[in-house]
Amino acid sequence: MTSSVGSTTGAAPTAVAGTARATAAPPPRSGRSALRRQERWAGWLFVLPALAILLIFLIVPIGFAFYISLTRWDGLSSPFGGGAKFVGLDNYKNLITVDNLTRQNFATSIRNNVYFVLFVVPLQTGLALGLAVLLNNKFLKGRSFFRTAFFFPSVTSSIATTLVFLFLFSGGGAVNSLLNVVGIRGPNWTADSRGVFHQVLRVFGVTSPPGWTQHQFFNLSWWDWLSGPSIALTVIIILVVWTTSGTFMLMFLAGLQNINEEVLEASEVDGATSWQRFRMVTPMLRPTLILVLTLGLISTWQVFDQIYLTGNNPATITPAYLSYSQSFRNSAFGIGAAIAFLLFGLIIVLAALQRRLVGSGEDD
Amino acid sequence: MTAHDYTPPWRRGLGYLGLILFGLIFIGPFLIQLATSFKTDADAANNSLSLIPHPVSYDAWKRIFGFTDNAGIPFGRWLTNSIIVATLITLGRVFIDSLAGYALARLRFPGRQGVFWSILAVLAVPGAVLLIPRFLVLKELTLFNTYPGMVLPIIADAAGIFLMRQFFLGIPQTMEEAARIDGAGVFRTYWTVILPLARPGLITLTILSFQGSWNEFQLFLVATSDPKYNTLTTGLAKFSSGQLGSGTQYPLTLGAALLSTVPVAIVFFAFQRHFIGGQLSAAVKG
């Protein structure tokens with residue numbers, strides 16, 4: 001096939017090929033228009049496999065799933081042969097307006113994820129920037145070794161790293177052994193559903209919820225909303241910061257390398273302190289910073305693998321996990337799909353909002 | 001290049017202190033993982049921080065490799081499945097993504113802009129939203145619990161297409177024109193001229209595809225329920241979240257987890273440049 005295509009269109013130009021190349025003259029018109037015609041269908045032929053896969057396994061299924069979110073379906077019968085009962089927007093209403101356990105779980109998952117985002121995004125961004133600045137110090141030897149070490153967790157499987165962290169943070173695990181050395185008795189991390197903010201308040205003598213926090217909002221009391229991440233979720237926060245910082249560090253390193261060396265050297269001659277130079281560099285890193293924050297915000301709202309391994313625990317569930325467990329564990333695919341679409345909407349809104357807020361700095 | 005080349009010793013010391021501290025934080029967990037896999041269950045639970053197993057036990061590794069009557073885990077099956085699936089996905093992606101990337105970079109065809117924007121839109125779809133859609137379509141196509149069901153949904157990926165498009169845009173057009181003047185059609189130009197020039201890009205795509213499909217978890221979780229299709233990721237995850245009816249056998253699970261990361265680790269250390277380049281170009285798309 002390849003050769004026949006080549007020979008039919010090639011018949012005319014071949015004769016002049018030698019001279020054309022030597023003089024770098026444009027190819028004869030007839031050959032060029034034949035090529036143009038060939039390109040028209042070859043282009044579609046080249047993208048066809050990719051388009052077919054994305055259409056069949058991504059775009060159309062998202063449409064299916066939206067339909068499922070409007071039904072009650074158990075995942076067993078065929079959803080399009082009458083197995084799924086059409087219920088309109090009931091699943092969405094159940095999640096948002098109806099006072100029941102489903103809404104309570106959904107609210108809990110949202111609370112968990114909000115705290116997850118609030119902690120992970122600044123921590124991973126800060127750590128990544130710090131590591132990049134550290135590695136950018138030309139006077140240090142062995143920088144490429146350490147760059148490799150910091151980046152390595154990012155390329156390994158989320159399942160494998162989560163298993164390691166669940167072990168490190170187990171009751172008698174390495175982290176508690178370390179804390180023991182300095183005389184602190186660590187909690188049974190992964191099983192501890194107490195909120196971190198609640199624990200901090202305890203230190204200041206607030207041991208029971210004040211009256212005003214008893215009011216319910218979306219089936220959770222304000223006291224529960226303000227709990228902070230659970231101690232169990234803190235483990236996942238540390239784990240995710242540890243696995244993602246390496247990737248973001250590389251982005252910051254690339255950003256730092258684009259900054260004019262002379263500017264920095266001049267400032268050093270002028271006697272600027274490290275902190276002053278750091279302050280000077282940060283605005284120049286703005287495009288990278290925006291990129292890292294956006295990627296961080298989008299990915300932290302999707303945390304799933306790590307949550308799956310901690311089990312079905314209200315202290316750690318997130319919307320992505322709840323969507324899965326409602327569908328595949330409780331056979332409530334309608335509710336599960338509705339959660340997925342609410343999450344989808346939320347991510348789109350947040351990404352658009354962020355683009356709007358900081359978009360002006362993004363024109364390179 | 002004179003005065004400011006001098007760095008005071010305290011700054012130097014502080015720099016190395018930072019490097020070593022963070023080096024320990026980033027690599028320490030892997031060292032503990034390795035040490036734990038040679039411990040007994042009791043030793044792992046009681047001396048979890050120790051890097052020296054006492055006594056040294058090969059029990060976990062014997063169970064991983066099936067050299068014991070005490071039934072361990074079907075590691076061989078998980079490994080085989082991971083190899084089969086990751087190989088097929090990688091080969092598929094290299095072929096399909098590079099074709100599409102080339103067409104989007106170089107071939108002029110009606111609707112090209114539309115196709116390009118659709119692929120960018122697909123990139124923006126959050127993965128966590130795809131759990132139910134993928135299960136649905138595999139069930140409808142009767143691909144649930146099959147190898148094709150584990151491979152086809154991710155055999156083309158928008159990020160890979162984008163990566164290849166960027167790469168092809170960077171190859172000088174004169175090479176193609178010379179080939180075409182010589183009478184080669186679009187296909188022959190692609191196979192004989194473009195692909196050999198695109199080798200660095202193809203290597204990057206191969207590595208990222210292998211890493212992605214080897215570590216893939218969510219698709220395999222919703223595409224299969226039969227344990228015989230478990231890969232290293234789904235097998236380990238189901239085993240340790242208690243579905244296969246086991247306790248917390250840390251030396252066994254951590255040993256298996258360690259072994260499952262070895263292939264990606266080897267590829268990573270051998271082709272680190274490509275990982276870094278790939279990460280950065282993947283970032284540009286965001």
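What share of the 364 residues of chain A counts as buried? In this predicted model, the figure is 43%.

**View 1. Chain A as a whole, with its helices, strands and contacts.** Chain A is built with 17 helices and four strands. Take the contacts in chain A between residues at least 6 apart in sequence: 69% of them join residues at least 24 apart.

**View 2. A:Trp301, sitting in a loop between two helices.** Look for A:Trp301 in the stretch linking helix H14 (286-300) and helix H15 (305-310) of chain A. A:Trp301 has 22 C-beta neighbours inside 10 Å, and 20 or more is what it takes, so this residue counts as buried. Once neighbours within four places in sequence are set aside, the contacts of A:Trp301 are A:Asn113, A:Val117, A:Leu343, A:Leu346 and A:Ile347. With A:Asn113 the separation along the chain is 188 residues, yet the two C-alpha atoms are 6.6 Å apart.

**View 3. The largest nonpolar core and its best-connected members.** This core holds 166 residues, and A:Leu163, A:Ala340 and A:Leu343 touch the most other members. Helix H11 (residues 231-258) of chain A gives the core its largest share, 15 residues. A:Leu343 also turns up among the contacts of A:Trp301. Zoom in on A:Leu163 and, leaving out residues up to four places away in sequence, you find it touching A:Leu309 along with B:Leu236, B:Ser240, B:Thr253, B:Leu254 and B:Ala257.

**View 4. Where chain B meets chain A.** On one side there are 86 residues of chain B, in contact with 91 residues of chain A. Helix H1 (residues 9-36) of chain B supplies the largest share of the chain B side, 13 residues. Sorted by class, that side has 54 nonpolar, 24 polar and eight charged residues. For the complex, the predictor gives an ipTM of 0.91 and a pTM of 0.88.

**View 5. Helix H11 (residues 199-215) of chain B, end to end.** With 17 residues at 1.5 Å a residue, this helix should span 24 Å, and its end C-alpha atoms are 24 Å apart, so the two agree. Buried residues of H11(B) include B:Gly201, B:Thr204, B:Leu205, B:Phe210 and B:Trp214.

**View 6. Confidence along chain B.** The mean pLDDT of chain B is 88, with 92% of its residues reaching 70 or more. Among the elements of chain B, helix H7 (residues 147-151) has the highest mean pLDDT, 98, while helix H15 (residues 272-285) has the lowest, 69.

How values were computed. Residues numbered from 1 in each chain as written. Chains lettered and ligands numbered in written order. Predicted model: local features only at pLDDT ≥ 70, side-chain atom pairs only at ≥ 80, totals over all residues. Buried ≥ 20, exposed ≤ 12 C-beta atoms within 10 Å, placed from the backbone. Contact = placed C-beta atoms within 7 Å. Nonpolar A, V, L, I, M, F, W, Y, C, P; charged D, E, K, R; others polar. Core = buried A, V, L, I, M, F, W, Y, C linked by C-beta atoms within 7 Å. pLDDT = per-residue confidence, 0-100. Expected span 1.5 Å × (residues − 1).
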